[in-house]
Amino acid sequence: MRLTRFTRAMLAVALCAALAPAAALADGLVTENGALPVVSEPYTITMLGTYHGASTAPLKQNRFTTMYEELTGVTLDIQYDLSTDEFSEKFNAILASGDYPEMFVGDTLSKSQMIELGHQGIVQPLEEYIDQYSIHLKGAMEENPWMREGITDPDTGHIYGLPASEVDYEHQVWSKIFVYQPWLDKLGLEVPETTEELKRLLIAFRDQDPNGNGEADEMPLAFDTTSWDRTYWQSLINPFIYWNDSGASGVYLQNVDGTAVFNANKEGYRDAIRWIAELYSEKLFPSDVFTGITATGFTIVEPNQLGASIGHFMGMFTTEGPRRNEFVIVPPLTGPDGERNANYRFVNPSINLVITDKMKDPEVAVRWADWFYTTEGTITAFYGLKDVAWRDSPVEGLGFSGYPMIYEQLDIAEFGDLNDFAWQWTAPQFRSRAVREGMYLSDEQFLKNYDAQMIIMMEKAYGQTGGFEPEKSFPNIILGEEDDRRASELLTPIQDLIKSTFADMVLGRQSPDTDWDRYVARLDAMGIDEYTAIYQRALDKVLRK
């Protein structure tokens, strides 16, 4: 076969690209994979870094930065040391100037931004460098394919950034019902399994004076209105229809055997609204849940007035005390038609490092980042310097949830609220269950650790794997830049209509019977078919892999 001049040129480019990493290793610039330091001679990388200003010191003032420069042999010329708020204000201007650094580090760059910068040639594809120069990140992605899928551009197949991932088992089902066990015991009730049992339980909390003070001052059900994405209704809707009203992708959609289905106009959702309206009409929860003012468990846990609450973690009960630890998690409820769902949140890696077109030796940055994906690297980067923020576990064996105990966190209260010895969320990292749950905890430490308590409660209520295979959930999907823009544009008014109509129907300002058709017609006019089709195309790409 005769090759055209263009084809020969393209093959030459591809060959050069394939050989580039090998050539870099051969010239001795980087050391053997996995070795420290990562370079054979002093090397400097210019960098834009972001930090969470409320909890973490600027990177130039952070002791972790100095430690990591000494460990890797790479000096960081941090030209922009920005809080997350400053990043939002200044990033576009920095890019527009054309005088941006070789590397951006931090969790402030979205995936759609990363892809757009990749398509513009501002950030470099890294998959070849990962395959050749990474041991720990490459191994993590091989063991956890979702990690690679979650950072791969669906249009080009390129990886333009390195991830940070956290497998937080206790939050993989975000909306959970907590019920106060001593009230169950006093009234002779069991943890509810069905919607009807939950309703009867809440009525008993209202009427039977479970706190024993002779006053009708109990609040049967409250909500954690501080939850960052207000997902608390999922627990009450899922017994009627699978419900996803938040998350990284596929909001209001369900994956039905590879088909994207929009659920906010289905009969199951209408049935859920009817039932929740019944709970409200019985005065089982307050109306201000829709305003987010006072309908929480915060101040009423200790006065012993709260029977149940819906939220995502124990931190919603901010008043410390024994009662906070006496709430238990209710397993997913079964609805009147046998429907039973849990909204499973796939682990969704963020993008914490990209390498720009200014950098001539991307392999150095990939080697520099690889240590973060070791167990020690993740613990040190997130929690802080060894023997300052953590030490090796004082005992061997299995910890509170069955993972080997690796480390013990140290008391860092003496250092104040501003952490200057860890990068925390800035760093690329992999906080697997083995890392997060590999913490030694004394009995006293366990009672103060929200996450540890939540993990044990979740395993009891949902089982080791979350209790449900996530076949109905949408996988983490990265939309192309144009689809992402259009989906966001469509979702905003759709979401506003769904939320306002839900509140109106629950509170009795509208009826799920007489006003339903008008609501569905408005959804149709807002473009739910186009919105669903965008995610269907993306789902097709994922399922073809």
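**Strands, helix, cores and a pocket: a walk through the model**

Let me begin with a pair of strands: β1, which covers residues 43-51, runs parallel to β2, residues 74-83, and 9 bridges join the two. One place where you can see this pairing is at Thr46, which stands opposite Asp77 in β2. Of the 9 residues of β1, 8 are buried, so this strand is largely enclosed by the rest of the structure. I should say at once that what we have on the screen is a predicted model, and that everything I describe is computed from it.

Stepping back for the overview, the protein has 545 residues, of which 53% count as buried, and its secondary structure comes to 19 helices and 14 strands. If we take the contacts with a separation of 6 or more, 76% of them are between residues that lie 24 or more positions apart.

Let me turn next to strand β4, residues 162-166, where 4 of the 5 residues are buried, and which is therefore described as mostly covered. Strand β4 has two partners that I would like to point out. With β11, residues 350-355, β4 runs antiparallel and is joined by 3 bridges, and here Leu162 stands opposite Leu353 in β11. With β14, residues 429-431, β4 pairs in the parallel sense, again over 3 bridges, and in this case Ser165 stands opposite Phe430 in β14.

Strand β14 also brings us to a helix, α13, which spans residues 375-383 and is mostly covered, with 7 of its 9 residues buried. Which residues of α13 are buried? They are Gly377, Thr378, Ile379, Thr380, Ala381, Phe382 and Tyr383. The elements that cover them include β14 itself, together with α2 (63-72), β12 (390-392), β13 (407-409) and α14 (433-436). Just after the helix, Gly384 takes a positive phi of about 140°.

Now to the nonpolar interior. In soluble globular proteins, nonpolar side chains tend to be buried together. In this model the largest nonpolar core has 76 residues, and those with the most contacts inside it are Trp233, Phe262, Tyr269, Ile498, Tyr519 and Tyr531. Helix α17, residues 481-507, provides the largest share of this core, namely 9 residues. There is also a second, separate core of 66 residues, which includes Met47, Val123, Leu137 and Trp423.

To look at one residue in detail, I have chosen Tyr531. What is Tyr531 in contact with, leaving aside its neighbours within four places in sequence? The list is Gly250, Val251, Leu253, Phe262, Ala487, Leu490, Leu491 and Ile494.

Finally, a word about empty space. Rolling a probe the size of a water molecule over the atoms shows where such space is left. The second largest pocket holds about 410 Å³ of space, and among the 24 residues that line it, the closest to its centre are Trp146, Glu149, Pro475, Asn476 and Val542. Two helices, α7 (145-149) and α19 (528-544), each supply at least two residues of this lining, and α19 gives the most, with 5 residues. As for the character of the lining, its residues divide into 14 nonpolar, 6 polar and 4 charged.

Terms used. Residues are numbered from 1 along each chain as its sequence is written. This is a predicted model: local features need pLDDT of at least 70, side-chain atom pairs count only at pLDDT 80 or more; totals for chains, interfaces and linings use all residues. Side-chain values use heavy atoms; hydrogens and water are left out. On a 1 Å grid over the protein atoms alone, a cavity is a set of points where a 1.4 Å probe fits but cannot get out, and a pocket is an open set with protein on both sides within 12 Å along at least five of seven lines; lining residues have an atom within 4 Å of a point. Grid points are joined across faces, edges and corners, and a volume is the space filled by probe spheres set on the points. Ala, Val, Leu, Ile, Met, Phe, Trp, Tyr, Cys and Pro count as nonpolar, Asp, Glu, Lys and Arg as charged, and the others, Gly among them, as polar. A nonpolar core is a set of buried Ala, Val, Leu, Ile, Met, Phe, Trp, Tyr and Cys residues joined through side-chain atoms within 4.5 Å. Buried means under 20% relative accessible area, exposed over 50%, partly exposed in between (1.4 Å probe, protein chains only). Contact means heavy atoms within 4.5 Å. Two strands pair if DSSP finds at least two bridges between them.
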